[in-house]
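The following note is offered to a colleague who is meeting this structure for the first time. Please read the numbered points alongside the sequence and the model.

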Amino acid sequence: MARRDWGYTALQNPIAGLRKPKAPEGRERRLKPGELQALTKACSTVAGSWLLHGFQLAIETGLRRGELPGIRWQHVRLDTAVLHVPVTKTDKARTIPLTDRAKAILRVCPERLPWIA
């Protein structure tokens, strides 16, 4: 800013010679055979079934771990079968289509999905 906007051309950029670190490679993880059943069974042991329903909703929608607790009723459109996610890790809102199973899970709210306000 000092060089560009204020005209201090004698100043040197202290990071001009540094190399940027390589960007990490993206991950692509899929469930292995038997993992879905094991996770479902583990979630079923929690009283109140909110964890099981939350897990199933995440599987059905592909929601990220940080997006799931941010669901609000104002973002759910059961009539058009979409869920709007205004806050994401990439800071870009997205709209997710809802499967019939996802809609059924959402219909049991708020009794079993306590984080949805």
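1. A residue is called buried when its relative accessible area is under 20%, exposed when that area is over 50%, and partly exposed in between. Glu 35, with a relative accessible area of 22%, is therefore partly exposed. The model under review is a predicted one.

2. Glu 35 takes part in a salt bridge with Arg 29, and their closest N and O atoms are 3.1 Å apart. Arg 29 is exposed, at a relative accessible area of 52%. The general background is that side chains of opposite charge can pair when their charged atoms come close.

3. A salt bridge also joins the side chains of Arg 30 and Glu 28, with an N to O distance of 3.9 Å. The cut-off matters for this pair: a side-chain nitrogen of Lys or Arg has to lie within 4 Å of a carboxyl oxygen of Asp or Glu. Both partners count as exposed, Arg 30 at 59% relative accessibility and Glu 28 at 68%.

4. The side chains of Arg 4 and Asp 5 form a salt bridge as well, at 3.3 Å from N to O. Arg 4 is exposed, with a relative accessible area of 66%, whereas Asp 5 is partly exposed at 45%.

5. Salt bridges also link Arg 64, Glu 67 and Arg 94 in a network. The count of salt bridges in the model comes to eight.

6. Turning to nonpolar residues, Met 1, Trp 6, Tyr 8 and Leu 11 make a surface patch of about 510 Å². Met 1 is placed in the segment before α1, the helix that spans 35-44. Met 1 counts as exposed, at 59% relative accessibility.

7. Which backbone angles deserve a second look? Ala 81 has a positive phi of about 60°, although it is not a glycine. Most residues other than glycine have a negative phi. Ala 81 is found in the loop between β1 (76-77) and β2 (82-85). With 16% relative accessibility, Ala 81 counts as buried, because this value is under 20%.

8. Asp 91 likewise is not a glycine and has a positive phi of about 60°. Its place is the loop between β2 and β3 (94-97). Is Asp 91 buried or exposed? Asp 91 is exposed, with a relative accessible area of 70%.

Key: Residues numbered from 1 in each chain as written. Predicted model: local features only at pLDDT ≥ 70, side-chain atom pairs only at ≥ 80, totals over all residues. Heavy atoms only, no water. Buried < 20%, exposed > 50% of the residue type's maximum accessible area, 1.4 Å probe, protein only. Patch = residues over 30% accessible without salt bridge, like charges linked within 9 Å, V, L, I, M, F, W, Y side chains within 5 Å. Areas by Shrake-Rupley, 256 points an atom, 1.4 Å probe, with all protein chains shown as cover. Helix = DSSP H or I, 4+ residues; strand = E, 2+ residues; numbered from the N terminus.
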